[in-house]
Amino acid sequence: MTEARLANFARLVARHAPYDGTFDLRIAGTHATRVSHANTERSHAFQRSAVCIVAQGAKSVMIGDALHGYVAGQIAVYSVGVPVAAQVTRASAAEPYLNFRIDLDAEKVATLSSKVYPQGPCASRDNHALSIVTADAPMVDAASRFLELMTHPADAELLAPLVLDEILIRLLRSPMGSRIAQLGQSESSLNRIATSVYWLRTNFDQPVTIEELASRVHLSPSAFHRQFKAVTSMSPVQYQKTLRLQEARRLMLAEMMDAGEASRRVGYISASQFSREYGRFFGSAPTKDIVRLREQTGGGSAAN
């Protein structure tokens, strides 16, 4: 990896993210992000399964009680979707935080991993939701070629999917490859937890027990609880609670919903319990927190 190679990659990401925000590229599931100032506090969001190649700047992410950080020249791979508290820690107008993101699709991973591992991947001992590695020169070159193709529609349609496959194949052949390959294996523990995560995300407002979640993925309650926490750094109950609180905050902030209605919408029966858990999670009571957020100007982004 050379500074010139990384600088060229950053220039290409910046071309496709001309101002602050996340921009969809021509190929579905690919995005470019720019953030031009460091955040003063963490932003709460749901991070889906994805590969993030950082071109410039730095970011920290809290998943459960685990704190992670990644910087320019590193790759962050989210193997399952998780609620995060994220903060861009290094960015300025002159040198913004720049990131290229590829959403991971289990079917695509399964197709490519069958070629990389025709006999099946080795078992991975690391099943954490987030893994961070240094990007090598061939990976950055492939990502740069992909971004170059985005400016040529005809070439992008024909060639960009091939380069995208190359990027994923290089990841599958990397030290974290066997771990990523598990996403495409229906019987792997990582895939089972990803299935549970999807169910919780789409049904977070519904009451559920550990026994019900475990039965959906054919695990004992104790094994399911252990594996779920090993991957997400949260218990299933904590995971569901985090989703509920994040969505309630979004409803109050974006849809002007009052705290009572928002709490009911996300599945709370007790308004006092909602207010108590919201205050513990976000640091202040719902109404006070929303007023503060609305008064903020130029707030930061949790974008990757």
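In this predicted model, a polar atom of the side chain of threonine 232 lies 2.9 Å from the backbone oxygen of phenylalanine 228. The side chain of threonine 232 also reaches a second backbone oxygen, that of methionine 234, at 3.0 Å. Threonine 232 belongs to helix 8 and is buried, its relative accessible area being 0%. When neighbours within four places in sequence are left aside, the residues in contact with threonine 232 are Ile63, Val80, Val82, Ala129, Ile193, Val197 and Tyr239.

Two of these contacts, Ile193 and Val197, lead to helix 6, where both are buried. The other buried residues of helix 6 are Leu190, Asn191, Arg192, Ser196, Trp199 and Leu200. The elements that cover the buried residues of this helix include strand 3 (43-47), helix 5 (177-181), helix 7 (210-216), helix 8 (221-232) and helix 9 (236-254). The length of helix 6 agrees with expectation, because its 14 residues should span 20 Å at 1.5 Å a residue and its end C-alpha atoms are 20 Å apart.

Helix 6 also takes part in the second largest pocket, which has a volume of about 410 Å³. This pocket is lined by 17 residues, of which Arg48, Ser49, Leu104, Ala194 and Tyr198 are the closest to its centre. Two elements, helix 2 (106-116) and helix 6 (189-202), give two or more residues to the lining. The largest contribution comes from helix 6, with six residues. By residue class, the lining of the second largest pocket comprises eight nonpolar, five polar and four charged residues.

Notes:
Residues are numbered from 1 along each chain as its sequence is written. This is a predicted model: local features need pLDDT of at least 70, side-chain atom pairs count only at pLDDT 80 or more; totals for chains, interfaces and linings use all residues. Side-chain values use heavy atoms; hydrogens and water are left out. On a 1 Å grid over the protein atoms alone, a cavity is a set of points where a 1.4 Å probe fits but cannot get out, and a pocket is an open set with protein on both sides within 12 Å along at least five of seven lines; lining residues have an atom within 4 Å of a point. Grid points are joined across faces, edges and corners, and a volume is the space filled by probe spheres set on the points. Helices (H or I, at least four residues) and strands (E, at least two) are DSSP runs, numbered from the N terminus. Ala, Val, Leu, Ile, Met, Phe, Trp, Tyr, Cys and Pro count as nonpolar, Asp, Glu, Lys and Arg as charged, and the others, Gly among them, as polar. The expected span of a helix is 1.5 Å times one less than its number of residues. Buried means under 20% relative accessible area, exposed over 50%, partly exposed in between (1.4 Å probe, protein chains only). Contact means heavy atoms within 4.5 Å. A polar contact is a pair of N or O atoms within 3.5 Å; within protein, one must be able to donate a hydrogen and the other to accept it, and residues adjacent in sequence count only if both atoms are side-chain atoms.
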